[in-house]
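User: I am new to protein models, and I would like to understand how the terms used for them are decided. Please take me through this one with the cut-offs in view.

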Amino acid sequence: MFRLRAVTLAAAAAAGLVLITAAPAPAAAPITTSIYTADPAALVVGDTMYLYTGHDEAPAGGSNFVMRDWHVFTSGDATAWTDQGAKLKLTDFSWAGADAWAGEVEPRGGKYYWYAPVNGNGAGWMDIGVAVGDSPLGPFRDAKGGPLISDSTPNSSPLNIDPTVFTDDDGQAYIYWGSYYGLRAAKLKPDMINLDGGVITPSGVSNFWEAPWMFKRNGTYYLAYSANDSACSAPGYACIRYATASNPLGPWTHRGVVLDQVTSTTNHPAIIEFKGQWYMVYHNANSPGGGNFRRSVTLDKLYWNADGTMQKVVQTTGPASSNLALSATASTSYVSPWETLGAIKDGFTPANSADHSHGAYGNWSHQGTEWLEYQWPSAQTVGRVGVYWFDDDQGIDLPASCKVQYWNGSAYVDVPGQSACGVAANTFNTVTFPSISTTRLRLSITSKSGFSTGVLEWTAQA
């Protein structure tokens with residue numbers, strides 16, 4: 001994904017550093033790093049996979065979602081993706097005011113129906129609208145002129161978001177949606193823009209939080225969804241659980257966790273078969289400058305057991321995956337006597353920047369520039385680091401700046417081509433760069449005036 005000019009390589013060779021040109025990214029590389037994407041929905045039409053995503057536009061360090069439109073990405077191999085642009089916008093719904101959140105597209109009768117949760121201008125909070133287009137890329141227009149589901153819908157969810165629509169073999173379509181533990185379901189009429197009968201509360205869906213995704217395989221109905229219970233994720237984070245049923249409206253039987261927590265607090269699954277291979281599509285915070293409100297859609301292969309249960313998906317990117325820090329020896333310019341240097345490489349994902357339940361590194365009362373270092377007995381290939389900052393709201397604060405350095409055989413020098421080193425709270429700040437081979441890696445941290453700095457977790461990946 002990164003290219004180095006010959007002059008850069010020559011200069012690196014003269015300095016004694018071995019630079020390795022990055023190999024083609026595996027399937028789990030973000031589908032794009034040009035924009036931040038979230039809440040994927042997947043659709044296969046012919047030999048093309050379509051991903052319908054939200055678009056995160058929050059500024060660096062932002063503390064809320066900023067989402068105004070939805071994008072469509074296409075691929076013929078589930079590896080190389082083309083951004084087809086924003087194909088649906090809030091302004092396409094005259095009754096919408098804000099919040100272009102997680103939607104899904106369902107085909108029927110040669111048309112494509114895009115179910116989209118938005119903050120309506122009327123009473124209540126989130127509504128679910130429907131747009132329609134004549135192709136998977138639209139153009140899409142409001143199909144109803146008002147919400148399909150709102151707070152006024154009898155037995156609606158406490159939060160009407162995250163619709164998933166499934167059409168059974170007999171042509172009957174179903175919609176599932178909800179959040180705040182309020183999973184709801186209903187039939188859709190053949191016109192796809194009106195409910196057919198009452199709203200039900202499905203049973204047997206353990207620890208549901210939000211983001212349902214429904215599909216069918218070999219006669220069995222599957223419902224994947226976001227859960228945030230302590231048995232599968234750290235406080236404030238989500239994993240993906242799933243359940244099965246013999247009827248599209250349940251009752252459901254919980255089967256387990258299919259995707260562990262990721263680097264963003266939220267997660268949103270889409271599970272689909274494409275050219276004989278199944279995929280889990282989801283989002284995380286692994287793109288440069290990413291965070292809880294600047295997410296990135298990615299996908300990994302999903303495999304099945306003979307009994308129809310899903311194997312847990314292996315995340316091939318992210319601070320929790322192939323963390324080279326776990327095998328390194330950590331050192332530092334200074335650590336406060338009451339803090340814990342080893343906490344930076346214990347593999348724990350904090351709930352927030354004040355979470356020192358697993359210990360924390362801090363250098364109070366030192367100010368200015370301090371450093372952390374990883375050292376390995378043999379050279380490691382590194383192309384990404386993630387930093388979760390510690391902030392105790394006292395003498396330790398978020399840093400003013402940071403940078404990644406490496407040992408070139410005789411001295412520490414800055415890693416060339418590194419992305420911005422973020423200093424946001426409550427998230428992993430990811431720094432990417434053309435892969436290097438080194439035995440020693442350093443994180444240089446400069447404090448704000450009058451404060452010291454701290455780190456809860458520092459990861460390193462190939």
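User: How do you know that C402 and C421 form a disulfide?

Analyst: This is a predicted model, in which local features need pLDDT of at least 70 and side-chain atom pairs count only at pLDDT 80 or more, while totals for chains, interfaces and linings use all residues. Residues are numbered from 1 along each chain as its sequence is written, and side-chain values use heavy atoms, with hydrogens and water left out. A disulfide is a pair of cysteine sulfur atoms within 2.5 Å, and the sulfur atoms of C402 and C421 are 1.9 Å apart, so the pair meets the definition. The link of C402 and C421 is left-handed, with -110 degrees about the S-S bond.

User: Why can C402 and C421 be said to tie together parts of the chain?

Analyst: C402 lies in strand β24 (residues 401-407), whereas C421 is in the loop between β25 (412-414) and β26 (429-446), so the disulfide ties together parts that are 19 residues apart in sequence. Strands here are DSSP runs of E with at least two residues, and they are numbered from the N terminus.

User: What other disulfide is there, and which hand does the link of C232 and C239 have?

Analyst: The structure holds two disulfides, and C232 is joined to C239 with an S to S distance of 2.0 Å, which is again within the limit of 2.5 Å. The link of C232 and C239 is left-handed too, with -85 degrees about its S-S bond. Counting bonded cysteines along the chain, the pattern is 1-2, 3-4.

User: Why is T153 called buried?

Analyst: Buried means under 20% relative accessible area, exposed means over 50%, and partly exposed is in between (1.4 Å probe, protein chains only). T153 has a relative accessible area of 13%, so it is called buried. T153 is found in the loop between β10 (141-142) and β11 (164-167). Not counting residues up to four places away in sequence, T153 touches L148, L195 and V199, where contact means heavy atoms within 4.5 Å.

User: What makes strand β16 largely enclosed?

Analyst: Seven of the seven residues of β16 (residues 239-245) are buried, so the strand is largely enclosed by the rest of the structure. Both of its faces are covered, with C239, R241, A243 and A245 on one side and I240, Y242 and T244 on the other.

User: How do you know that β15 and β16 pair?

Analyst: Two strands pair if DSSP finds at least two bridges between them, and β15 and β16 have seven, in the antiparallel sense. In one of these bridges, L223 has A243 of β16 as its partner. A243 also stands opposite H254 in β17, and five bridges join β16 to β17, again antiparallel.

User: Why are β14 and β17 called edge strands?

Analyst: The open sheet has four strands in the order β14-β15-β16-β17, with antiparallel pairing. Both β14 (210-217) and β17 (253-259) are edge strands, as each pairs on one side only.

User: How do you know that R217 has no salt bridge?

Analyst: A salt bridge needs a side-chain nitrogen of Lys or Arg within 4 Å of a carboxyl oxygen of Asp or Glu. Lys and Arg count as positive and Asp and Glu as negative, while His and the chain ends are not counted. For R217, which is buried, the nearest side chain of opposite charge is E273, 6.5 Å away, so the 4 Å condition is not met. R217 is part of strand β14.
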